[in-house]
Amino acid sequence: MTQIELYEKRLDSVTRLIETLEEGSWAQRYWVGVYASLINTLNRIIHHKGNDDANNFYRYNLGSIRVQ
């Protein structure tokens, strides 16, 4: 499984979870932030200029997810 496929799978899982949460709850806001972070990271991996290996995700800072 490539890193891109892994992120797509994570996004699918978070999407299913968000759909079960109460609208406007802290949990929904938290998981929407996680979803946004995953999308941003996937976007960086896919569109990184100057690096032919899109699966080399270790070049990115994938530390803890910060939600504001």
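Modeller: About 5,300 Å² of the protein is exposed, with carbon and sulfur atoms supplying 50% of that. Keep in mind that this is a predicted model. The fold has 2 helices and 0 strands, and 25% of the 68 residues count as buried.

Biologist: What makes the pair of Y30 and W31 edge-to-face?

Modeller: A search of the whole structure turns up 1 aromatic pair. The ring centres of Y30 and W31 are 5.1 Å apart and the planes stand at 85°. Centres within 6.5 Å make a pair, and planes over 60 degrees apart count as edge-to-face, so Y30 and W31 get that name.

Biologist: Why is Y30 called partly exposed?

Modeller: Its relative accessibility is 38%. Partly exposed is what falls between the 20% and 50% cut-offs, so the label fits Y30. W31, with 29%, is partly exposed too.

Biologist: And S25, why does that one count as buried?

Modeller: S25 sits in the loop between α1 (3-20) and α2 (26-47). Its relative accessibility is 17%, and buried means under 20%, so S25 counts as buried.

Biologist: How do you know that the side chain of S25 makes a polar contact with Q28?

Modeller: A polar atom of that S25 side chain lies 3.1 Å from the backbone nitrogen of Q28. The cut-off is 3.5 Å, so the distance passes.

Biologist: What makes R10 a charge over the ring of Y7?

Modeller: R10 lies over the face of Y7, 4.9 Å from the ring centre. The limit is 6 Å, so R10 is within reach on distance.

How values were computed
Residues numbered from 1 in each chain as written. Predicted model: local features only at pLDDT ≥ 70, side-chain atom pairs only at ≥ 80, totals over all residues. Heavy atoms only, no water. Phe/Tyr/Trp six-rings, centres within 6.5 Å; stacked < 30°, edge-to-face > 60°. Buried < 20%, exposed > 50% of the residue type's maximum accessible area, 1.4 Å probe, protein only. Lys NZ or Arg CZ within 6 Å of the ring centre and 35° of its normal. Helix = DSSP H or I, 4+ residues; strand = E, 2+ residues; numbered from the N terminus. Polar contact = N/O pair within 3.5 Å; in protein donor to acceptor, adjacent residues only side chain to side chain. Areas by Shrake-Rupley, 256 points an atom, 1.4 Å probe, with all protein chains shown as cover.
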